[in-house]
Amino acid sequence: RLCASSSRHGCLSSSLPAAITSLLSPPAPAGNNKMKLSVAPLALVAFSPAVAAWSSAAAPFSTRSHAFATVLHSYATEVAGEEATESFRLGFKTDDTPVSPWHDIPLEGSDGSYNMVVEIPKMTKAKMEVATKEENNPIAQDIKKGNLRDYHGPIFWNYGCLPQTWEDPNEEHPELKVFGDDDPIDVVEIGSKALGMGTVTEVKALGVLAMIDDGELDWKVIAVATDDPLAEEYNDIDDVPDAILSGVREWFRWYKTPDDKPLNGFGFEEKYLNAAEAKKVIEETHESWKKLRSGDTDAGKLWIGK
């Protein structure tokens, strides 16, 4: 996603133009920035506001209870291995049975929302992602050339993916003439608060940006958590301030340049598509996932639980 090489992440560095780094570099939060695995703010269960998504007092290894918005059972996240090592895994369970955050969490929430799996909380640096090739698809820190990958600075949005979606690398977009990036569709959540890694949060899709990354189509859904105060103001892409939209786009444009790689491009004249178009894109990737899951499309090295 936001780190300076291929895969799903990339990084910014001081080599970026000053105008962009000043736009995307607010001060980091004070104190010890250790993340807490927090209860997912979903519709069926009301949780205490004292349970924060970001806490300096949090223990890094724990099991937390959560609830799906569209099913009648709960799930928990469970850490294996050590934080900030290659062994770290954040797995998902329900009734003591492992589940996949990619395949078993439903795509749709309530009232037209979607369930976002948060991989990288706002204002953190570790490049975490759902491990699509591992059994049960836990969240793990990405590794490149034997090294754990981090951003050069903190990310300024909550970043994750929509479960039960897949950007098919075998399918060419009819207009953009590029193929999918072989991952679940990405989500940039632009709300006002940090969301804990592993939480599943109902979000409202506001629009979508067609990024072309190394010749692959890598959609970025722009969304806001339905329980965020900004959700009352944001209903479509035109409701989002231009400064936010420009900041997101320029981040993704420049994120590979610290490795002397070219700027990323964008389809549709670099414009964001609106909420209605975003829903169409999400539905298309959901249909691609259904074919992957059923075996109609070859999974290759992806773990699909079959």
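**A buried loop residue, helix α3 and the aromatic pairs**

Asn137 sits in the loop that runs between β6 (128-130) and β7 (139-141). The model looked at here is a predicted one. Being in a loop does not put Asn137 on the outside: with a relative accessibility of 0%, Asn137 counts as buried, because the cut-off for that label is under 20%. Its side chain has a polar partner, the backbone oxygen of Thr132, at 3.3 Å. Leaving aside residues up to four places away in sequence, Asn137 touches Ser100, Pro101, Trp102 and His103, then Val130, Ala131 and Thr132, and also Trp303.

Helix α3 comes next. Its 20 residues (residues 275-294) should span 28 Å at 1.5 Å a residue, and the C-alpha atoms at its two ends lie 29 Å apart, so the expected and computed values agree. As for which part of α3 faces inward, the buried residues are Ala275, Ala278, Val281, Ile282, Thr285, His286, Ser288, Trp289, Leu292 and Arg293. These residues cover an arc of only 160 degrees around the axis, and therefore sit on the same side of α3. What they pack against is a set of strands: β5 (114-120), β13 (200-213) and β14 (216-225).

Both ends of α3 have something to look at. At the N-terminal end, Asn274 acts as the cap, with a side-chain oxygen 3.2 Å from the backbone nitrogen of Ala276. Just past the helix, Gly295 adopts a positive phi of about 95 degrees.

Ile282 gives a residue-level view of the buried side of α3. Its relative accessible area is 1%, so Ile282 is buried. Not counting residues up to four places away in sequence, Ile282 is in touch with Leu107, Tyr114, Leu162, Thr165, Ala205 and Val221. Glu167 is 115 residues away from Ile282 along the chain, yet the C-alpha atoms of the two are separated by 9.6 Å.

Now for the nonpolar interior. In soluble globular proteins, nonpolar side chains tend to be buried together. Here the largest nonpolar core counts 47 residues, and those with the most contacts inside it are Val117, Ile139, Trp157, Val188, Ile190 and Phe252. Another core, of 23 residues, lies apart from it and includes Leu162, Ile185, Leu217 and Leu273.

The aromatic rings round off the picture. Searching the whole structure turns up 4 aromatic pairs. One of them joins Phe156 and Trp251 edge-to-face, at 5.2 Å centre to centre and with 85 degrees between the planes. This pair ties together distant parts of the chain, 95 residues apart: Phe156 belongs to the loop between β9 (147-148) and β10 (158-161), while Trp251 belongs to helix α2 (residues 242-254). Phe156 and Trp251 are both buried. In the pair made by Tyr159 and Phe252, the ring centres are 6.0 Å apart and the planes meet at 35 degrees, so the pair is tilted. This one also links distant parts of the chain, with Tyr159 in strand β10 and Phe252 in helix α2, 93 residues apart. Tyr159 counts as buried at 0% relative accessibility, and Phe252 likewise counts as buried at 0%. Finally, Phe156 and Trp251 join Trp157 in one aromatic cluster.

Note on methods. Residues are numbered from 1 along each chain as its sequence is written. This is a predicted model: local features need pLDDT of at least 70, side-chain atom pairs count only at pLDDT 80 or more; totals for chains, interfaces and linings use all residues. Side-chain values use heavy atoms; hydrogens and water are left out. Helices (H or I, at least four residues) and strands (E, at least two) are DSSP runs, numbered from the N terminus. The expected span of a helix is 1.5 Å times one less than its number of residues. Buried means under 20% relative accessible area, exposed over 50%, partly exposed in between (1.4 Å probe, protein chains only). The arc is that of the directions from the helix axis to the C-beta atoms. Contact means heavy atoms within 4.5 Å. A polar contact is a pair of N or O atoms within 3.5 Å; within protein, one must be able to donate a hydrogen and the other to accept it, and residues adjacent in sequence count only if both atoms are side-chain atoms. A nonpolar core is a set of buried Ala, Val, Leu, Ile, Met, Phe, Trp, Tyr and Cys residues joined through side-chain atoms within 4.5 Å. Rings of Phe, Tyr and Trp (its six-membered ring) pair if their centres lie within 6.5 Å; planes under 30 degrees apart count as stacked, over 60 as edge-to-face and the rest as tilted.
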